[in-house]
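Subject: Two-chain model, handed over

Hi,

Here is the structure I promised you. Please open it first, then read my notes below.

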Amino acid sequence: MVNIIWIILIAIGILYGILTNNLETINTTIVDSTKISLEMLFKIFPVLALWMGITKIAEVSGLLKKLSNKLSPLLTKFFPEIPVGHESLSLIASNMIANIFGLGSAATPFGLKAMSSLQKLNKNKKVASRSMITFLVINTSGLTLIPTTIISLRMMYGSLEPTKIVMACIISTFFATLGGIVIDKLLARRYKN
Amino acid sequence: MITNLFPTFIAMILAVNLFTNSGVLDFILSLIKPVLDVFKIPSEIFPLAIIRPISGSASLAYLNSIFAKHGPDSFIGLLGSVMQGCTDTTLYVISLYFGSIGIKKIRHSMFAALFADLCGIVASIIIVNLFWG
């Protein structure tokens with residue numbers, strides 16, 4: 001589904017280039033894109049490797065586990081369908097903690113495990129359960145306290161205050177998550193009736 | 001990891017670049033610019049708001065180009081940073097997570113998740129204007 005969006009973007013771009021008689025630009029863009037992506041990948045990779053290393057330390061040292069144990073009891077309020085003490089709660093908590101610290105690559109494995117654990121509780125295996133939807137809405141709404149990638153990118157471009165944006169990010173993310181949870185609870189109620 | 005990432009990365013950059021360089025984007029922007037001006041939104045930020053839920057790496061690439069052009073501490077640079085930081089790659093996460101366990105009917109999850117993104121984007125515009133406008 002996501003792939004279709006790329007194809008549409010490419011098709012529209014090329015079509016518009018042909019219609020406006022601008023094939024020259026299309027050609028150079030195609031050739032240059034490979035170069036640009038390689039350069040960018042080399043720029044991002046060292047920073048990414050560093051943060052992945054730090055995550056690994058947080059995981060192996062037990063910090064992630066400790067924090068998620070604290071968070072799990074709170075989660076039962078948002079996921080009333082999940083029985084108390086079920087393994088999916090701690091998996092969801094681990095995913096959230098990793099997201100909160102801006103460690104997207106560490107969050108994904110926990111998130112996938114949480115989904116398969118929620119699937120065990122799901123009655124209809126083809127249809128998304130309420131808990132799954134709530135989990136995904138919270139997950140995709142950001143939840144980041146420390147946007148590590150953006151701070152590193154700002155550093156690379158010589159920002160005077162790379163961390164200046166942290167507070168604004170936290171507030172915006174709060175509104176995104178709040179909006180998501182509210183609409184999810186409203187829509188879930190409508191589905192039930 | 002780099003070899004896994006690279007082909008997808010090239011395709012995404014190619015798609016975004018083709019879309020911007022061919023002039024389609026400028027054409028769309030010229031249509032909505034009057035509306036954006038009313039709310040004091042720099043029109044160059046608009047593509048970021050659109051790409052953000054679709055692809056994390058593509059929006060990061062776009063943020064990269066904003067930083068290169070205007071600098072990370074400019075108003076648009078700050079707005080871009082907050083916008084990138086406050087939401088996640090909704091489409092990717094939803095297709096990956098539901099795909100992994102074979103869910104076919106995702107009910108209202110896409111709508112609710114995109115609504116959350118919209119809340120985040122609107123909030124980031126308001127907050128950046130309040131803080132540094």
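C86(B) is buried, at a relative accessible area of 0%. Keep in mind that this is a predicted model. The search gives zero disulfides over all chains. C86(B) is accordingly in none, and the nearest cysteine sulfur, that of C169(A), is 6.7 Å away. A disulfide would need the two sulfur atoms within 2.5 Å. C119(B) is unpaired for a similar reason: its sulfur is 10 Å from the closest cysteine sulfur, in C86(B), which is too far for a bond.

Next, the interface.

Chain B puts 73 residues in contact with 80 residues of chain A. Between them the two chains bury about 6,400 Å². Carbon and sulfur atoms account for 78% of that area. On the chain B side, Y97(B), R107(B) and H108(B) lose the most area to chain A. Together these three make up 12% of what that side buries.

How many salt bridges are there between chain B and chain A? The count is one. R154(A) pairs with D73(B), with the closest N and O atoms 3.0 Å apart. Polar contacts across the interface come to 15 residue pairs, both partners at pLDDT 80 or more.

Several helices of chain B give two or more residues to the side that touches chain A. Among them are helix 1 (2–21), helix 5 (75–86), helix 6 (90–100) and helix 7 (109–132). By class, that side of chain B has 48 nonpolar, 19 polar and six charged residues.

R107(B) deserves a second look. As well as being among the residues that lose the most area to chain A, R107(B) has a phi near 45°, a positive value in a residue other than glycine. Most residues other than glycine have a negative phi. R107(B) lies in the loop between helix 6 and helix 7 of chain B. With a relative accessible area of 25%, R107(B) is partly exposed.

Chain A has a case of positive phi too. Phi of N21(A) is near 60°, and N21(A) is not a glycine. Where does N21(A) sit? N21(A) is in the loop between helix 1 (2–19) and helix 2 (23–60) of chain A. N21(A) is exposed, with a relative accessible area of 69%.

Now the salt bridges in the whole structure. The search finds five over all chains. The R154(A) and D73(B) pair is described above. Here are some others, with distances from N to O:

- E87(A) and K120(A), at 3.2 Å. E87(A) lies in helix 4 (residues 87–100) of chain A and K120(A) in helix 5 (residues 104–121), so the pair ties together parts that are 33 residues apart in sequence. E87(A) is partly exposed, at 40%. K120(A) is exposed, at 60%.
- K33(B) and D37(B), at 3.2 Å. Both residues lie in helix 2 of chain B, four residues apart, which is about one turn of the helix. K33(B) is partly exposed, at 37% relative accessibility. D37(B) is partly exposed as well, at 42%.
- E44(B) and K69(B), at 3.2 Å. This pair links distant parts of the chain, 25 residues apart. E44(B) is in the loop between helix 2 and helix 3 (46–51) of chain B, and K69(B) is in helix 4 of chain B. E44(B) is partly exposed, at 26%. K69(B) counts as exposed, at 61%.

One last residue: F75(B), in helix 5 of chain B. Is F75(B) buried, exposed or partly exposed? F75(B) is partly exposed, because its relative accessible area is 27%. What does F75(B) touch, leaving out residues up to four places away in sequence? The contacts are K40(B), P42(B), V128(B), N129(B), W132(B) and G133(B). P42(B) is 33 residues from F75(B) along the chain, and their C-alpha atoms are separated by 8.9 Å.

Best wishes

Conventions
Residues are numbered from 1 along each chain as its sequence is written. Chains are lettered from A and ligands numbered from 1 in the order in which they are written. This is a predicted model: local features need pLDDT of at least 70, side-chain atom pairs count only at pLDDT 80 or more; totals for chains, interfaces and linings use all residues. Side-chain values use heavy atoms; hydrogens and water are left out. Buried means under 20% relative accessible area, exposed over 50%, partly exposed in between (1.4 Å probe, protein chains only). Contact means heavy atoms within 4.5 Å. Buried area is the accessible area (1.4 Å probe) that two parts lose on being put together, summed over both. A salt bridge is a side-chain nitrogen of Lys or Arg within 4 Å of a carboxyl oxygen of Asp or Glu. A polar contact is a pair of N or O atoms within 3.5 Å; within protein, one must be able to donate a hydrogen and the other to accept it, and residues adjacent in sequence count only if both atoms are side-chain atoms. Ala, Val, Leu, Ile, Met, Phe, Trp, Tyr, Cys and Pro count as nonpolar, Asp, Glu, Lys and Arg as charged, and the others, Gly among them, as polar.
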